[in-house]
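Got the structure open in your viewer? Here is a short tour of what to select, one stop after another.

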Amino acid sequence: MSHGPRSGLYAVSSALLAMSRHLEVRDVLKTIVASARELLDAQYAALGVPDDHGGFAQFVVDGVSDEQWKAIGPLPRQHGILAAMLRDARLERLADVRRDPRFEGWPAAHPDMSDFLGMPIRDGDEVIGALFLANKNRSGEPCAGPGGDCGFTEDDEELLTILAQHAAIALTNARLYERSRELTIAEERSRLAHELHDAVSQKLFSLRLTAQAATALVDRDPQRAKGELQHVASLAAEAAEELRAAVVELRPAALDEDGLAATLRTHIQVLDRAHSARVTFTGRGVRALPASQEEAMLRVAQEALHNALRHSGAAHVDVTLDRRDCGAVLRVTDDGDGFDPRAIRSAGRHLGLVSMRDRAGGVGGRLTVESAPGEGTTIEMEVPGG
């Protein structure tokens, strides 16, 4: 949130440093937009990354509340002034965007905008984004263009030009990082596939031999056969746990594309259909978090849901994701059997609590567990945001 204009070299330096601090594309886009809005003291700022189908692959805003953004509806298409900026790759400074002949209106819930400053973000000859601002808080200064008076000035143009040049570098670096990470993930998947094949093959081989031994012993030594069958069950459980642990370590693509709230909602809808327990999700006003925090929260939610649905006997499991200051709090609550956390620790069992605490602590968050026999369980994770 902007707290008034900042000027001079320090302000520009702070904005550029903020952009270079992130490696995830979504985090970079958010930082560019927030920096531009604060640096130029505008009421609204937005950045669109075009796709190849006349729309935007990503679109980030600053100065618009979550409720407003939800009410506005689908992402804008490449039309009007936005299309002109992307097609002609030139700066646009307008005293009143509504009076421009290219203006084609906006949805009913869209905030009213007047003075406008837009700048394409270019990587060489390629336009990789469009950065624009509206409603400068200090208006009334003369506009050099044909539009009359304009809140944005030539100095603002120069600042935005500098910002856009560095935004192109930051965005290109973030894209290269993500492509590198995708290659790393592909290599990791290949490595994991080999490891899974070896581990599961060994387990299945042991299962087959143990089952054959049990079959041979059923008639002449039932007691030993029973022991072998118990070993079969143990081996099967180990194999299932190894598979689950390995799959959980893979970062889902949906988290990068859709964000934490949408990924959780989809995951929980699947669980609700697959289990007899009612599984519900509520997300309230959570903005995008740093990628590492979103991944940690997703993993904690998955582990907590696994425990609730497999072990607690719950009839209802509720997941909530709420905004808290600049961060977020995740809460997974079930009405199941519950347990005594102290007894679990003293018995050397952990129900995934150790890994959940490690995940929370690893991203600067904290995890709390509330449970008692017969009273269900609540697992809460809070992260500070970026």
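**Stop one: an open sheet**

Start with the strands β6, β7, β8, β10 and β9: in that order, these 5 strands form an open sheet with mixed pairing. Keep in mind as you look around that this is a predicted model. Select β6 (278–284) and β9 (366–371) to find the edges of the sheet; each has a single partner strand, so one side of each is left without a neighbour in the sheet. From one strand to the next, the twist averages 10 degrees.

Stay with β9 for a moment and add strand β10 (residues 377–383): the two pair in the antiparallel sense over 6 bridges. To see across the pairing, pick Val369, which stands opposite Ile379 in β10.

**Stop two: strand β5 and its neighbours**

Now jump to strand β5 (residues 126–136). Is β5 enclosed or open? It is largely enclosed by the rest of the structure, because 10 of its 11 residues are buried.

Next, show the strands that pair with β5. Strand β1 runs antiparallel to β5, and 6 bridges join them. Click on Ala42 and you'll find that its bridge partner in β5 is Lys136. Strand β4 also runs antiparallel to β5, this time with 8 bridges. Here, try Met119, which stands opposite Leu131 in β5.

While you have β4 and β5 on screen, follow the chain from one to the other. The two strands form a hairpin with 2 residues between them, and Gly124 in the turn has a positive phi of about 70 degrees. Asp125 is also found in the loop between β4 and β5. Asp125 is exposed, with a relative accessible area of 81%. Draw a distance from its C-alpha to that of Ala89: the two residues are 36 apart in sequence and 9.0 Å apart in space.

**Stop three: the aromatic rings**

Turn on side chains for the next part. A pair of aromatic rings is described by the distance of the centres and the angle of the planes. How many aromatic pairs are there? The count comes to 5. Select Phe56 and Phe59, whose ring centres are 5.3 Å apart and whose planes are at 70 degrees, so this pair is edge-to-face. Both Phe56 and Phe59 are buried.

Then move to Phe116 and Phe132. Their ring centres are 6.0 Å apart with the planes at 25 degrees, so the pair is stacked. This pair links distant parts of the chain: Phe116 sits in strand β4 (residues 116–123) and Phe132 in strand β5, 16 residues apart. Phe116 and Phe132 are both buried as well.

Finish this stop by selecting Phe56, Phe59, Trp69, Phe116 and Phe132 together, as ring pairs link them into a cluster.

**Stop four: a pocket**

Keep Phe132 selected and add Pro76, Leu82, Trp106 and His110. What do these residues share? Of the 31 residues that line the second largest pocket, these five lie nearest its centre. The space in this pocket is about 560 Å³.

Colour the lining by element next: those giving two or more residues to it are β1 (42–50), β2 (56–62), α3 (66–72), α4 (80–88) and β5. Then colour it by residue type, and you'll have 23 nonpolar, 5 polar and 3 charged residues in the lining.

Conventions: Residues numbered from 1 in each chain as written. Predicted model: local features only at pLDDT ≥ 70, side-chain atom pairs only at ≥ 80, totals over all residues. Heavy atoms only, no water. Phe/Tyr/Trp six-rings, centres within 6.5 Å; stacked < 30°, edge-to-face > 60°. Buried < 20%, exposed > 50% of the residue type's maximum accessible area, 1.4 Å probe, protein only. Helix = DSSP H or I, 4+ residues; strand = E, 2+ residues; numbered from the N terminus. 1 Å grid on protein atoms, 1.4 Å probe; cavity = no way out; pocket = protein on both sides within 12 Å on 5 of 7 lines; lining within 4 Å. Points joined across faces, edges and corners; volume = space filled by probe spheres on them. Nonpolar A, V, L, I, M, F, W, Y, C, P; charged D, E, K, R; others polar. Pairing = 2+ DSSP bridges. Axes fitted to C-alpha atoms, helices over the stretch in contact; angles between N-to-C directions.
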